[in-house]
Structures are given as C-alpha cells and as structure tokens.
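Below is a colleague's note on the structure, set out as numbered points. Please read each point with the coordinates open.

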Amino acid sequence: MPELPEVETTLKGIEPYVLNQTIKYCLVKQRQLRWLVDAHFPQKVQDRKVCALKRRGKYLVFALEHGRSFLIHLGMSGSLRVCEPGLGYRKHDHVIFTLNSNVHLRFHDPRRFGSVVWCDCAVDEHPLIRSLGVEPLGQEFHGEYLYQRARRRTTAIKNFIMNARVVVGVGNIYANEALFMAGIHPKRPANRISLLRMSQLANAIQIILKEAIAEGGTTLKDFVNSKNEPGYFSQKLRVYGKAGSSCQECGSLLKFLCLGQRSTVYCAVCQT
DNA sequence: CTGTTAACCTGAGTGC
DNA sequence: TGCACTCAGGTTAACA
C-alpha cells in the first residue's frame, strides 16, 4: 500500500499521538521482518522521548533524545495504528510501542516486507538512507536533475524514476500515473528523453504526489484509528489498474505490460 | 559501473 | 469446500 503519499499520510496521522511522548515499553512479537529486528531494540527505545517525526523517502524517522533514532518502513503491506492498549492484538501486529499517554502505536504487516530498524549513527549516514536520491517534492528535484542523471542510462524510464537512488518515493502506482500525465512511454530509454520532456515528467510526478497526499493516499485513508478505508486518490487514477478500459484523453484501449516485474499500464497513442 | 532477475512473505481473488 | 494458481502498494542481493 505505501508509496510516498501513504507514508506522508501515516506520518501526519500518528504525529499528534507520538510527538514528545516517551516510549514507556516496547514489545516485539515478530523479529523476522525485512531485516531482523535488533534483539535489544526494546531496551534501546525504552524510556526515550520522541523529539521529532520525519520522513525520508518511504522511511519514517523517529528521532529520539540524545541524538538517537530508529526507522520504520511499511514495505508492501505495513501500517501503523494508534489504539487503546486494551484492544486485542491482530494476527500481524509485530511491534507494539506503549507510550506515556498510555496509548499503543502498533506496527502491523502481513507480508513482513516492512522493517523496524535501530539507527546507531546519524540518520543520513545509515546504510539504508545514505544512498537515497533526492526528495521528489524538494528543491533539487526538477527536469534538469532527471535529465543529467539519465545520461548514458539505457534502462526504461519507468524503472529509472522508480529507482530510489535517483529519486525516492515514486512507487508503481504513481510512476504509471506520472508517465501518463507526461505523455511518455514507460519503456522509453531514460537517455532518449529531451530536457523539455524530463521537465514535464518532473512536474507530473510532483503534481501527482501532491494530489495524492491531499486526498490521503490511494489506500487506507485513515491510518490512525481504523478500518481499511480507501484513500480518495483511488478515484482519480487515470491508468493504474485500468488496462483494457479506454484512455480518458483519446479513447483508445489502455495497454498492459510487465516492466521490472511490476504491472504497467499506458496509452500507446498518448504516450510515446 | 549498469541492467536484469530472484528472493523475501501472506492474503485475496479466480477458476476448476 | 478445497485446491492450485495468480497477483499485490517495496527493496536488496546476486548475478551477467
């Protein structure tokens, strides 16, 4: 579920409950996530106050007192919920934080592609963070940046913009949507796109992501308390999951292909 | 260095 | 009901 807008929605949802709270207790029910959870993770976070909550790419960064921090990544199926301690655990509640305010923050992740990682160094130096590319909504992300990074890169543009070493946070749904908006064929080699079209692509990525954030993401509108209510952006999808139906611009049938093992939908007329 | 593929997991949905 | 199969929002390691 989580691409950048979903992670941002999660952050905003849990922030009021987590910020400036001390972690009273931490319970790890399942260590085997994407990375094995540090055996001493609970004692490392215990009695530490959460001073700041940030996002870097799709990682949530919990900054603690004394310059320490930990990371949570939601993977494909992860979510974070705030609830009363008395509420029964669900099957895939893997890590539970009891806060000073006596509420629970629970990390739930059926597929266990997510991660909960203690960070022993400065966050920016951490191996999972160090080599990440620019933030798509930041100042450094623009057509010129994409164009320069794409020199001598023959890989398909869709793979290129989904590469977190280039730009973070662009997952499969929004890559499909942005390429449609920019009128670029997903398989076009990255080094065969003009500066002008790269600028259109950078703009499209920013527009799509901002729109999705404003709508609370595509999935799970309310990450904090709830039920799996769809984010309203799902109603605005133009191509993702719509192979075989007609293009809203030209009416021809949207096509499907597999690119980098990910489903790809595009309009063969509008996208070249 | 670049590019591609397999792998990590569970659950929902489909067809027989 | 049950079984076999496909697919799903991510990322890295290991290869050529």
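1. Which side chain does Asp120 meet in a salt bridge? In this predicted model, the partner is Arg68, and the N to O distance is 3.5 Å. The pair links distant parts of the chain, 52 residues apart, with Asp120 in the loop between strand S8 (115-119) and helix H3, and Arg68 in the loop between strand S3 (59-64) and strand S4 (69-73). Asp120 is exposed, with a relative accessible area of 54%, whereas Arg68, at 32%, is partly exposed.

2. A second long-range pair deserves attention, namely the salt bridge between Glu135 and Arg55, in which the closest N and O atoms are 3.0 Å apart. Here too the pair links distant parts of the chain, since Glu135 sits in the loop between H3 (127-130) and H4 and Arg55 belongs to strand S2 (residues 50-56), 80 residues apart. Glu135 has a relative accessibility of 17% and therefore counts as buried, the cut-off being under 20%. Salt bridges that share partners join Glu135 and Arg55 with Glu8 and Arg56 into one network.

3. The search of the whole structure finds 11 salt bridges, and one of a local kind lies in helix H1. The side chains of Lys12 and Glu15 meet there at 3.9 Å, N to O; because these residues are 3 apart in helix H1, they are separated by about one helical turn. As general background, side chains of opposite charge can pair when their charged atoms come close.

4. Helix H1 itself has 15 residues and spans 20 Å from its first C-alpha to its last, which is close to the 21 Å expected at 1.5 Å a residue. The helix is mostly covered, with 11 of its 15 residues buried, and the buried residues include Leu4, Val7, Leu11, Ile14 and Val18, but also Glu6 and Glu8. Glu8 is thus a buried residue of H1 that also takes part in the salt-bridge network with Arg55, Arg56 and Glu135. Just after the helix, Asn20 takes a positive phi of about 65 degrees.

5. H1 (residues 4-18) lies across strands S5, S6 and S7 (104-108), and runs at about 35 degrees to S5. These three strands belong to an open sheet of 4 strands, in the order S1-S6-S7-S5, with antiparallel pairing. The edge strands are S1 (23-28) and S5 (79-83), each of which pairs on one side only, and the twist averages 20 degrees from one strand to the next. S1 and S6 (residues 93-99) pair in the antiparallel sense over 5 bridges, and the bridge partner of Cys26 in S6 is Phe97.

6. Strands S2 and S3 form a hairpin with 2 residues between them, and Gly57 in the turn has a positive phi of about 60 degrees. The two strands run antiparallel and are joined by 6 bridges, with Ala52 standing opposite Ala63 in S3. S2 is mostly covered, as 5 of its 7 residues are buried, and this strand also holds Arg55, the salt-bridge partner of Glu135.

7. On nonpolar packing, the largest core has 30 residues, and those with the most contacts inside it are Phe141, Leu146, Ile157, Phe160, Ile161, Leu201 and Ile205. The elements that give two or more residues to this core are the helices H4 (143-149), H5 (157-162), H6 (172-182) and H7 (195-214), and H7 supplies the largest share, 8 residues. A second, separate core of 28 residues includes Val7, Leu33, Phe70 and Val95; Val7 is also among the buried residues of H1.

8. Ile161 can serve as a worked example of this packing. Leaving aside residues up to four places away in sequence, Ile161 touches Val167, Val170, Ala175, Leu179, Leu201 and Ile205. Of these, Leu201 and Ile205 are themselves listed with Ile161 among the residues with the most contacts inside the largest core.

9. A last point concerns Gly241, which is found in the loop between H7 and strand S9 (255-259). Gly241 has a relative accessibility of 68% and so counts as exposed. The C-alpha atoms of Gly241 and Ile173 are separated by 8.6 Å, although these residues are 68 apart along the chain.

Key:
Residues numbered from 1 in each chain as written. Chains lettered and ligands numbered in written order. Predicted model: local features only at pLDDT ≥ 70, side-chain atom pairs only at ≥ 80, totals over all residues. Heavy atoms only, no water. Core = buried A, V, L, I, M, F, W, Y, C linked by side-chain atoms within 4.5 Å. Buried < 20%, exposed > 50% of the residue type's maximum accessible area, 1.4 Å probe, protein only. Contact = heavy atoms within 4.5 Å. Pairing = 2+ DSSP bridges. Axes fitted to C-alpha atoms, helices over the stretch in contact; angles between N-to-C directions. Salt bridge = Lys/Arg side-chain N within 4 Å of Asp/Glu carboxyl O. Expected span 1.5 Å × (residues − 1).
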